[in-house]
Amino acid sequence: MVKTATFTVGAVAVTEEIKPHRHHDGAHVLYIVSGGGTMTHGDQTITLKPGMLVHVPVGVAHSIKAEGGELTLVDFAQPPFSPDQMEWVK
């Protein structure tokens with residue numbers, strides 16, 4: 001992971017799912033490295049495949065579900081990712 005005063009870059013391995021949540025501190029760009037799955041992005045469902053980029057604006061609820069094994073992604077966050085700025089959505 002890379003963390004600076006203005007952004008973070010982190011690798012994430014999703015073996016099952018990341019529950020619905022939103023970030024109040026900034027936007028994220030996700031790059032799908034390997035595996036596949038689905039993502040809820042606001043009111044849309046997106047099929048995730050290697051090589052895809054997905055922009056998640058600040059405040060947009062989203063979740064990720066791996067299908068057929070592990071899904072690996074790189075998360076680019078600006079400003080830096082802060083877990084205390086996440087809100088889990090039911």
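# Exercises on an all-strand model

Strand S5, residues 37-41, has a covered face made of Gly37, Met39 and His41, while Thr38 and Thr40 form its uncovered face. Keep that strand in view, since several exercises below come back to S5. The model is a predicted one.

## Exercise 1: The neighbours of S5

**Task.** Find which strands S5 is joined to, and how they run.

**Solution.**

Step 1. Start with strand S6, residues 44-48: five bridges join S5 to S6, and the two run antiparallel. To place the pairing on screen, pick Thr40, which stands opposite Thr45 in S6.

Step 2. Look at the turn that connects them. The hairpin of S5 and S6 has two residues between the strands, and Gly42 takes a positive phi near 65 degrees there.

Step 3. Now go to strand S8, residues 62-66. S8 is also joined to S5 by five bridges, again antiparallel. Here His41 is a handy marker, because it is part of the covered face of S5 and stands opposite His62 in S8.

## Exercise 2: Laying out the open sheet

**Task.** Work out the strand order of the open sheet that holds S5, and say which strands stand at its edges.

**Solution.**

Step 1. Write down the order: the open sheet has five strands, S6-S5-S8-S3-S10, with antiparallel pairing.

Step 2. Read off the ends. S6 and strand S10 (86-88) stand at the edges and have a single partner strand each, so one side of each is left without a neighbour in the sheet.

Step 3. Add the twist. On average, and ignoring direction, neighbouring strands of this sheet are turned by 25 degrees against each other.

Step 4. Check the S10 end of the order. Strand S3, residues 17-23, pairs with S10 in the antiparallel sense over three bridges.

## Exercise 3: Two salt bridges

**Task.** How many salt bridges are counted, and which residues form them?

**Solution.**

Step 1. Begin with the idea behind the search: side chains of opposite charge can pair when their charged atoms come close.

Step 2. Apply the cut-off, a side-chain nitrogen of Lys or Arg within 4 Å of a carboxyl oxygen of Asp or Glu. The count comes to two salt bridges.

Step 3. Take the pair of Glu17 and Lys19. Their closest N and O atoms are 3.2 Å apart. Glu17 is partly exposed at a relative accessible area of 37%, and Lys19 is partly exposed at 47%.

Step 4. Take the pair of Arg22 and Glu87, with the closest N and O atoms 3.5 Å apart. This pair links distant parts of the chain, since Arg22 lies in strand S3 and Glu87 in strand S10, 65 residues apart.

Step 5. Compare with the strand pairing: Arg22 also stands opposite Glu87 in S10. Both count as partly exposed, Arg22 at 22% relative accessibility and Glu87 at 31%.

## Exercise 4: From S1 to Thr72

**Task.** Follow the pairing from S1 through S2 to S9, then decide whether Thr72 is buried or exposed.

**Solution.**

Step 1. Two bridges join strand S1 (residues 2-3) to strand S2 (residues 8-14), which run antiparallel. A hairpin of four residues joins S1 to S2, and Val2 has Val9 in S2 as its bridge partner.

Step 2. Move on from S2 to strand S9, residues 71-78: seven bridges join them in the antiparallel sense. Ala13 stands opposite Thr72 in S9.

Step 3. Compare Thr72 with the cut-off. Buried means under 20% relative accessible area, and Thr72, at 19% relative accessibility, counts as buried.

Step 4. List what touches Thr72. Leaving out residues up to four places away in sequence, Thr72 touches Val12, Ala13, Tyr31, Ile32, Val33 and Ser34.

## Exercise 5: The whole protein

**Task.** Which elements does the protein have, and how compact is it?

**Solution.**

Step 1. Count the elements: there are zero helices and 10 strands.

Step 2. Test the compactness. The radius of gyration is 12 Å, close to the 12 Å that the globule rule gives for 90 residues, so the protein is as compact as a globular protein of that length.

Step 3. Add the dimensions. Along its principal axes, the C-alpha trace spans about 35 × 30 × 20 Å.

Step 4. Turn to burial and surface. Buried residues make up 36% of the 90 residues. The accessible surface comes to about 5300 Å², of which 57% belongs to carbon and sulfur atoms.

Step 5. Finish with the contacts. Among those between residues at least 6 apart in sequence, 72% join residues at least 24 apart.

How values were computed: Residues numbered from 1 in each chain as written. Predicted model: local features only at pLDDT ≥ 70, side-chain atom pairs only at ≥ 80, totals over all residues. Heavy atoms only, no water. Buried < 20%, exposed > 50% of the residue type's maximum accessible area, 1.4 Å probe, protein only. Pairing = 2+ DSSP bridges. Axes fitted to C-alpha atoms, helices over the stretch in contact; angles between N-to-C directions. Rg over C-alpha atoms; globule rule 2.2 N^0.38 Å. Contact = heavy atoms within 4.5 Å. Areas by Shrake-Rupley, 256 points an atom, 1.4 Å probe, with all protein chains shown as cover.
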